[in-house]
Amino acid sequence: MKVNEVPQDITYYEGVKRACFALNDEGKYVVVASIGWDDEAVVNGLAVDDLAATLEDTRKAVLAGVKSPLCYHMERRQMNPEILAKTAGIATFRVKRHFRPEIFAKLKLSVLDRYAQALAITKQELMTVPQK
Amino acid sequence: MSSEVTAAGKPFIHHHSAHCESGATSALFRDKGVEISESMIFGIGSGIYFGHLPFIKWVGLPITTFRSRPGTLFAKAAKRIGGKFFTKRYHSAKKGMAELRRVLSEGHIVGLTTNIYWLTYFPNRFRFQFNGHNIVVLREIENGFRVSDPVLEYPVDCLTEDMERARFARGPLEPRGFMYYAENVPLNPDLRLACIAAMKDTCKMMLRTPFPFVGIRGMRYLAKKTISSPDKLGFKEACRRLANIVRMQEEVGTGGAGFRFMYAAFLQEAADLFASAELSQLSKEMTAIGDIWREFAVVSARIIKQRGQPEETFEKAGGLMLICAGREEQLFRDLDKIARTLKA
């Protein structure tokens with residue numbers, strides 16, 4: 001890759017630039033800041049859309065009363081039950097059980113506290129999901 | 001490049017790096033007066049690698065990696081260049097943070113392993129649960145720390161709360177507050193000796209491995225798997241898998257083409273160091289291989305964008321990967337031979 005071949009497509013870096021290695025005119029490697037690459041945006045877009053779609057499904061499931069808000073907030077933090085369990089200090093099988101709304105509704109305050117702490121949100125947030 | 005001041009009042013030049021671990025390690029060396037580039041550290045730490053681990057899933061997708069396991073680059077580079085490094089992990093977050101403050105007040109700059117999700121100074125797109133991101137802390141400021149994040153263009157501020165979460169995040173590859181800094185380093189390290197050891201090690205990892213999932217064998221395995229993936233998994237899932245490979249190759253701070261360009265830069269520097277025309281030739285070959293990897297990314301992006309149009313196919317993408325495997329195999333065999341003839 002030559003310096004003038006470093007992609008400078010305006011994509012989604014939100015103003016952040018990334019370092020790329022490229023050859024300059026004398027054939028020496030230099031570091032060039034890149035503002036983005038369209039092909040990479042396509043690939044990354046697929047992954048981001050995937051995550052967003054799963055999260056939206058979960059939100060609807062919570063509103064329909066199939067899952068508990070805990071599941072939504074876990075996915076929002078891009079965690080899985082294992083990571084959440086370790087972070088909150090609660091066994092994985094219990095975390096999974098708490099995804100059932102009827103069980104989540106009966107949780108003690110101390111347990112909710114640990115989840116709120118682990119997910120870095122308030123307890124009020126933990127009990128609800130966005131309506132829109 | 002931009003200048004900053006460390007806790008000791010020394011000037012610190014922030015270099016924009018492609019890869020976090022090599023960037024952080026070279027920053028630590030530079031702070032102690034050893035001028036060494038990111039690509040040199042990357043080569044000496046044997047950072048280049050290939051692995052496809054179908055049995056370890058990350059967000060439901062098998063892991064493909066173009067780099068060595070997080071942590072080994074720093075350890076190998078430190079060992080081969082020499083010098084005394086302090087490294088420690090902590091059970092207690094409180095103690096870990098207190099130690100960080102103490103070391104900063106002694107005037108060192110400190111490397112930390114963190115979880116990138118909790119570093120809120122990153123744009124949301126970059127944030128995902130990955131426990132192997134390395135940053136360098138320069139000094140303490142009000143409510144937080146001044147941080148030189150190697151992959152960002154300029155130093156940034158990080159809140160204490162974010163820092164604590166990031167350092168003590170749980171999950172796979174837990175950092176457990178891993179902290180490292182240079183106590184003293186030799187001012188004129190023997191880079192030639194380090195380079196030779198590193199090249200041999202790299203060739204060993206890429207060529208002579210008993211596992212079919214890593215090195216050149218892993219590349220061939222993944223290429224064949226990619227070619228058959230649309231029939232086996234269905235087009236949509238195959239696209240997801242392919243996208244994940246390209247993400248690992250381009251997205252996660254690789255300097256382009258899954259670290260291949262960075263390694264070419266290392267070979268170029270090594271060629272100057274040894275005044276070796278052969279190494280310089282290998283650097284050019286590595287650049288050419290990197291360009292094929294880039295082409296693979298372009299083809300993959302087209303497959304995904306067109307969603308089913310026959311123009312670009314999985315056979316073509318897998319074929320490009322096989323070409324890369326063949327040429328890289330030859331390159332590392334040549335490098336292995338050359339490394340044995342080089343004199344320290």
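These are my notebook entries on a predicted model with chains A and B.

**Domains**

I began with the domain assignment. For chain B it gives domain 1 as 2–35 + 84–184 and domain 2 as 191–341. I looked up the distance between the centres of these two domains of chain B, taken over C-alpha atoms, and got 30 Å. Chain A is divided into domain 1 (3–36) and domain 2 (40–127). For chain A, the C-alpha centres of domain 1 and domain 2 lie 38 Å apart.

**The sheet of chain B**

Next I traced the strands. Chain B has an open sheet of six strands, with antiparallel pairing. I wrote down the order as β5-β10-β6-β7-β8-β9. Which strands stand at the edges? They are β5 (84–88) and β9 (156–159) of chain B. Each has a single partner strand, so one side of each is left without a neighbour in the sheet. From one strand to the next, the twist averages 35°.

I then took one pair in detail. β7(B) and β8(B) run antiparallel and are joined by five bridges. B:Val136 has B:Ser148 of β8(B) as its bridge partner.

The loop between β7 (133–141) and β8 (144–148) of chain B holds B:Asn143. I checked its backbone. Phi of B:Asn143 is positive, about 60°, although the residue is not a glycine. Most residues other than glycine have a negative phi. Is B:Asn143 buried or exposed? I count 10 other C-beta atoms within 10 Å, and the limit for exposed is 12 or fewer. B:Asn143 is therefore exposed.

I also looked for a helix against this sheet. Helix α4 (residues 93–105) of chain B lies across β6 (110–114), β7 and β10 (179–184) of chain B. α4 runs at about 65° to β7(B).

**A second positive phi**

B:Ser46 came up in the same search. Its phi is near 50°, again a positive value in a residue other than glycine. B:Ser46 sits in the loop between α2 (38–44) and β3 (48–58) of chain B. Its surroundings are unlike those of an exposed residue: B:Ser46 counts as buried, because it has 25 C-beta neighbours inside 10 Å.

**Helix α3 of chain B**

I went on to helix α3 (residues 72–81) of chain B. How many of its ten residues are buried? Seven are, so the helix is largely enclosed by the rest of the structure. I listed them: B:Leu73, B:Phe74, B:Lys76, B:Ala77, B:Ala78, B:Arg80 and B:Ile81. Lys76 and Arg80 of chain B are thus on the buried list. What do the buried residues of α3(B) pack against? I found α1 (20–31), α2, β5, β10 and α6 (191–207) of chain B. B:Gly82 follows α3(B), and its phi is positive, near 95°.

**Around B:Ser17**

I picked B:Ser17 in the loop between β2 (11–14) and α1 of chain B. B:Ser17 is buried, with 30 other C-beta atoms within 10 Å. I then listed what it touches, leaving out residues up to four places away in sequence. Within chain B the list is B:Ser22, B:Gly23, B:Glu38, B:Pro150 and B:Val151. From chain A there is A:Ala19. I also took one distance. The C-alpha atoms of B:Ser17 and B:Leu152 are separated by 7.4 Å, although the two residues are 135 residues apart along the chain.

**The contact between the chains**

I turned to the interface as a whole. Chain B gives 39 residues to the contact and chain A gives 30. On the side of chain B, the elements that give two or more residues are α8, α9 (260–274) and α10 (277–306). Which of them gives the most? α10(B) does, with ten residues. By class, I logged 17 nonpolar, eleven polar and eleven charged residues on the side of chain B that touches chain A.

**α7 against α8**

Since α8(B) came up at the interface, I looked at its packing inside chain B. Two packed helices are described by the angle between their axes and the distance between the axes. The axes of α7 (residues 215–233) and α8 (residues 235–251) of chain B come within 7 Å and cross at roughly 145°. The crossing of α7(B) and α8(B) is right-handed. From α7(B), the contact uses B:Thr226, B:Ser229, B:Pro230 and B:Leu233. From α8(B), it uses B:Phe235, B:Glu237, B:Ala238, B:Arg241 and B:Leu242. I sorted the residues of this contact into five nonpolar, two polar and two charged.

Conventions
Residues numbered from 1 in each chain as written. Chains lettered and ligands numbered in written order. Predicted model: local features only at pLDDT ≥ 70, side-chain atom pairs only at ≥ 80, totals over all residues. Axes fitted to C-alpha atoms, helices over the stretch in contact; angles between N-to-C directions. Helix = DSSP H or I, 4+ residues; strand = E, 2+ residues; numbered from the N terminus. Left-handed = near helix turned anticlockwise from the far one by under 90°. Contact = placed C-beta atoms within 7 Å. Nonpolar A, V, L, I, M, F, W, Y, C, P; charged D, E, K, R; others polar. Buried ≥ 20, exposed ≤ 12 C-beta atoms within 10 Å, placed from the backbone. Pairing = 2+ DSSP bridges. Domains from an automatic or database assignment.
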